[in-house]
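Here are my comments on the structure you sent, set out as numbered points. Please read them with the sequence and the model open beside you.

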Amino acid sequence: MIAYIFPGQGSQHVGMAKEFAEIPGAKELMQHADELLHVHLTKTMTQGPEEMLRQTDFTQPAIFLHSILALRYAGDHGKAQVYAGHSLGEFSALCAAEAMKFEDALLLVHLRGKLMAEAGKRKPGTMAAIIGMEATVLRELCEDVEKETGNIVRPANYNSPGQIVVSGSVNGVHEAMKRAKDKGVRIAKELPVSGAFHSPLMQYAADGLKETLDSIEITEPVKPVFANVTAEPHGEPDSIRSLLVEQLTSPVRWEESVKNMYDFGIREFVEFGPGKVLQGLVSRTLNDANVSGVEKPILEERI
């Protein structure tokens with residue numbers, strides 16, 4: 001059984017999706033995206049500048065668009081038994097599973113990026129990767145920092161065994177990094193982000209996204225889509241809306257999602273979109289899964 005998986009923020013790079021711009025149907029979809037968003041998204045993806053592509057309101061629709069292009073031009077859409085995406089990638093997964101229309105999902109991720117950037121300005125924060133610490137130990141460390149200093153710091157991404165990202169206020173994250181280093185972790189590295197994603201400091205973004213999500217048509221996915229918040233398949237439309245809002249202030253349970261997909265019967269994972277981040281995370285989580293990726297067009301359009 002096969003899972004199609006979709007990357008989140010951080011996988012973008014200048015030149016992404018440029019091969020798709022040479023295919024008439026794909027080029028039309030890229031132009032359609034530009035017109036919907038009223039920005040030069042395609043040009044920014046293929047030519048840069050990198051500073052603009054790194055802006056959250058460009059990054060998120062860029063990765064989403066690349067993922068959908070890869071899905072449409074890279075094989076049999078019907079082969080997957082389940083879908084999943086990391087953070088932003090959850091929107092790609094829901095679109096792939098026909099729970100959202102392409103246009104609605106694109107507008108949502110653009111808005112999501114803008115709201116997250118604004119939330120980062122209103123309540124500044126940061127994130128850090130902690131490599132080599134057990135999840136339970138790191139959770140306790142973060143709880144101790146919050147109790148003792150009053151600064152917010154929470155686990156934000158459970159990516160793979162021993163690879164967790166924490167998020168929160170600048171002081172809270174820096175203190176968690178210091179304490180993690182004191183405990184001998186291999187790596188405690190601050191990430192170049194514009195806010196404390198997947199933490200309570202994103203509440204402004206969650207509130208804004210909820211308002212728009214309530215007006216978007218969402219249907220039950222045609223095949224299971226694993227949710228970041230629960231690590232379980234999504235259910236009916238109102239639950240999908242609630243979980244997408246909750247996702248902004250809750251940790252991404254990716255490692256658990258991968259293990260649950262394995263228990264579901266999945267033995268092959270195919271990442272659609274830029275980069276190989278999820279392929280690496282799956283490989284570090286499972287010993288006997290086949291992992292591959294699709295970043296460029298390889299077949300004629302199928303859907």
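The points below go from the whole chain to its sheet, then to one helix and two single residues.

1. On the status of the coordinates, please keep in mind throughout that this is a predicted model.

2. On overall dimensions, the chain has 303 residues, for which a compact globule would have a radius of gyration near 19 Å, and the value of 18 Å found here agrees with that expectation. Along its principal axes the C-alpha trace extends over about 55 × 40 × 35 Å. Buried residues account for 54% of the chain, and of the contacts with a separation of 6 or more, 75% join residues that lie 24 or more positions apart.

3. On the surface and the charges, the chain exposes about 12800 Å², of which 48% is supplied by carbon and sulfur atoms. There are 31 positive and 41 negative charges, and the mean positions of these two sets are 5 Å apart.

4. On secondary structure, the chain contains twelve helices and nine strands. Five strands form an open sheet with parallel pairing, in the order β7-β2-β1-β8-β9. At its edges stand β7 (225-226) and β9 (290-294), and because each has a single partner strand, one side of each is left without a neighbour in the sheet.

5. On the pairing around β2, this strand (residues 82-85) runs parallel to β1 (residues 2-6), and four bridges connect the two. Within this pair, Y4 is set opposite Y83, while I5 is set opposite A84. Strand β2 is also joined to β7 by two bridges, again in the parallel sense, and here A84 has F226 as its bridge partner.

6. On the two faces of β2, it helps to recall that in a regular strand the side chains alternate between the two faces of the sheet. In β2, V82 and A84 lie on one side and Y83 and G85 on the other, and these four residues are all buried, so that both faces of the strand are covered.

7. How many of the eight residues of helix α5 are buried? The count is eight of the eight in this helix (residues 89-96), and it is therefore largely enclosed by the rest of the structure. The buried residues include the charged-type residue E90 as well as F91, L94 and C95. After α5 comes E98, which has a positive phi, near 65°.

8. Is A231 buried or exposed? This residue, which is found in the loop between β7 and α10 (237-247), counts as buried because its relative accessibility is 0%. Leaving aside neighbours within four places in sequence, A231 is in contact with F226, R253, E256, S257 and N260; F226 is also the residue in β7 that serves as bridge partner of A84. From A231 to A96, the C-alpha atoms are 18 Å apart in space, with their positions 135 residues apart in sequence.

9. On N171, this residue belongs to helix α8 (residues 170-182). Its relative accessible area is 52%, and N171 is therefore classed as exposed, the cut-off for that class being over 50%. The C-alpha atoms of N171 and I152 are 8.2 Å apart, and the two residues are 19 positions apart in sequence.

Key. Residues numbered from 1 in each chain as written. Predicted model: local features only at pLDDT ≥ 70, side-chain atom pairs only at ≥ 80, totals over all residues. Heavy atoms only, no water. Rg over C-alpha atoms; globule rule 2.2 N^0.38 Å. Buried < 20%, exposed > 50% of the residue type's maximum accessible area, 1.4 Å probe, protein only. Contact = heavy atoms within 4.5 Å. Areas by Shrake-Rupley, 256 points an atom, 1.4 Å probe, with all protein chains shown as cover. Lys, Arg positive; Asp, Glu negative; His and termini not counted. Charge placed at Lys NZ, Arg CZ, Asp CG, Glu CD. Pairing = 2+ DSSP bridges.
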